[in-house]
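These are my notebook entries on one structure, written in the order in which I looked things up. I started with the side chains and then turned to the backbone.

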Amino acid sequence: MGVQRIMGAETEFGVISPTNPAANHTVLSATIVNTYDNLAFSKHQKTAWEYDSEQPLQDARGFAMKREEAHSSQLTDEAYELTSEDIAAEALKESGMFAERLDWDKITMNSILPNGARLYVDHAHPEYSSPEVTSPQDAVLWDAAGDHIAAVTIATLADSSAKTGIEPINLYKNNTDGKGQSYGSHENYLISRETDFDYLTKVLASFFATRIIYTGAGRVGLGTDGDKPGFQLSQRADFFERLVGLETTIRRPLINTRDEPHADREKYRRLHVITGDANLAHYSNLLKFGTMSLVLELIEQGKAPVIQLTDPVTAMHTVSRDLTFTQELPLANGGSITALEVQQAYLEASLDNNPNPDEQTREVLELWEEVLHLLATAPDALADRLDWAAKYQLLKAYVAQGIDWDSPKLKAIDIQYSDLRPDKGLYFKLVGLGRLKTLFSAEHIKKAASEPPEDTRAYARGKIVSTWGNEVISANWDTIVVRNPLDITTYRLTMNEPSDLTRRTIEPYLTNPSAESLFTALGANSHTY
């Protein structure tokens, strides 16, 4: 199997109106979603998100959290709607902002995109959830496509500001506002339902605590508020408080237990990973998805090393602050180990488990091996591949000139690195100067923003909504409902197998005048009102 499995990413973007920092973030997020929805679909009716199959309170440990005990952010099976209070709270509405551009009675809070992704309002943030893919390389590509979509949207808003009355909105691919709030960059991996969850937890605790040495995006400031001077590897590390739990926005756990597969529940579990930083660097992202896939392969085969740290959460905080990669982490059975040694153990097990790797698996294994070697010998050499290293190199140049780590200038540089405007973001400037390597060209990424992966059900979702948008009533990851435009029949297509309904199956039907023939051929359930 190697690195191949069903996977995807979710990115909550930081959002702000630079001319009105106090603007309501939910309204700003809705503006982003509606702007891109109008760009992606020149004419089609609003497609509702299908919530029937969502089960956000089901716990992998064998029980379900009571609804009354859940934090509001966990209730993702309910449509989030703008209230009159949200709109009234927007200070600029009275001066014309939003009034001319958006009809608040017909606001879109969810959009299923032509590339099979979802763009929606996740309370105070616009979120891009990438389509399902089958390799870490594709996960990097379609995650980068979300960054392109964000850039196109904010450029459209800026260019049309004078005409529409909507002032510019900026988006950032980072994980904290520097004021004690964090927002997520999540990964999803489909694993076998037979996987022992206790074993998985024991293995992943030390893996998550230490993988930030190559997946971290880098952050100026220590502590959740970032008020202590310094630099650390991870933007998310300080926000984790316990080992295991169902929540994602409060009491954050290293191992999230949400059991919501969006697929055949008898066969699959979706591992929802919330410990990752939001990566712009392609190689950081490839390592994030690739090494995780390899470790999951070890877990499913019962071959993963079990390295039990005394306190994985504290270890994660320690590792994030250790720029020498030599800090000893206490082990539960006595003794200690470094983050590099933990990662080396997982690498060696993965190498032994893949003696004749395919090309994609070989790429990840070789990169993992090289990066661990350089972290031990010459970490500065990784500034051309890893987010935290590229950012740290920039910042050290200013510190060498006498600027202190608690300087607002350094925090501004930190934020500017994640700015998704290609002409402003420091990440994009480093790429343009050849100082950061990429895996995919800008044209390749642009294509992925409009075209779905060809080898998963995302192809069906993306092509159906872009070809027959006016017939689509609702959709989600595993369900699409369409209506016959000529009578009163509706069709519900259930997509329990993520690797089905690929280009080979769907493409022959795309020239048909309606979706009916496709849905009939696929055996969709029909209903006549």
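**Entry 1: charges over rings.** I note at the outset that this is a predicted model. I looked for positive charges over aromatic faces and stopped at R118. R118 lies over the face of W49, at 3.9 Å from the ring centre. R118 also lies over the face of Y120, at 3.6 Å from the ring centre.

**Entry 2: the chain as a whole.** I then took stock of the chain. I count 17 helices and 21 strands in its secondary structure. Of its 529 residues, 59% are buried. I also looked up the sequence range of the contacts: among those with a separation of 6 or more, 71% are between residues 24 or more positions apart.

**Entry 3: aromatic pairs.** How many aromatic pairs does a search of the whole structure find? I recorded eleven. I examined F207 and Y346, whose rings form an edge-to-face pair, with 5.4 Å centre to centre and 85° between the planes. This pair links distant parts of the chain, since F207 belongs to helix α5 (residues 197-210) and Y346 to helix α9 (residues 339-353), 139 residues apart. I asked whether F207 is buried or exposed. F207 has a relative accessibility of 0% and therefore counts as buried. Y346 is likewise buried, its relative accessible area being 0%.

I next turned to Y392 and W405, a stacked pair with 6.1 Å centre to centre and 20° between the planes. Here too the pair links distant parts of the chain: Y392 is in helix α11 (residues 387-399), W405 is in the loop between α11 and α12 (408-417), and the two are 13 residues apart. The two rings fall on opposite sides of the 20% limit for burial. Y392, at 17% relative accessibility, counts as buried, whereas W405, at 22%, counts as partly exposed. I also noted that Y392 and W405 belong to one aromatic cluster with F231, F325 and W388.

**Entry 4: positive phi angles.** F325, a member of that cluster, came up again in the backbone search. F325 is not a glycine, yet its phi is positive, at about 65°. I located F325 in the loop between α8 and β16 (329-330). With a relative accessible area of 4%, F325 is buried.

Where does L501 lie? I found L501 in the loop between β20 (489-494) and α16 (503-506). L501 also has a positive phi, of about 60°, although it is not a glycine. L501 is buried, with a relative accessible area of 12%.

**Entry 5: helix α8.** I listed the buried residues of helix α8 (residues 312-321) as P312, V313, A315, M316, V319 and S320. Viewed down the axis of α8, these buried residues fall within an arc of 160°, so they line one face of the helix.

**Entry 6: a six-stranded sheet.** I traced an open sheet of six strands, paired antiparallel in the order β6-β7-β8-β1-β10-β15. Which strands stand at the edges? They are β6 (110-112) and β15 (268-273); each has a single partner strand, so one side of each is left without a neighbour in the sheet. On average, and with direction ignored, neighbouring strands of this sheet are turned by 20° against each other.

Within the sheet I looked up the pairing of β1 (residues 7-12) with β10 (residues 185-192), which run antiparallel and are joined by five bridges. In β10, E187 is the bridge partner of A9.

I then checked which helices pack here. Helix α3 (residues 136-159) lies across β1, β7 (118-122) and β8 (125-129), and runs at about 145° to β8. Helix α7 (residues 282-300) packs on the sheet as well, touching β1, β10 and β15, with its direction at about 30° to that of β10.

**Entry 7: the surroundings of V15.** My last query concerned V15, which lies in strand β2 (residues 14-16). V15 is buried, with a relative accessible area of 7%. Leaving aside neighbours within four places in sequence, I found V15 in contact with H25, L28, S29, A124, P126, I169, N170 and L171. From V15 to H25 the C-alpha to C-alpha distance is 6.8 Å, and the two are ten residues apart in sequence.

Methods
Residues numbered from 1 in each chain as written. Predicted model: local features only at pLDDT ≥ 70, side-chain atom pairs only at ≥ 80, totals over all residues. Heavy atoms only, no water. Phe/Tyr/Trp six-rings, centres within 6.5 Å; stacked < 30°, edge-to-face > 60°. Helix = DSSP H or I, 4+ residues; strand = E, 2+ residues; numbered from the N terminus. Buried < 20%, exposed > 50% of the residue type's maximum accessible area, 1.4 Å probe, protein only. Lys NZ or Arg CZ within 6 Å of the ring centre and 35° of its normal. Arc of directions from axis to C-beta. Pairing = 2+ DSSP bridges. Axes fitted to C-alpha atoms, helices over the stretch in contact; angles between N-to-C directions. Contact = heavy atoms within 4.5 Å.
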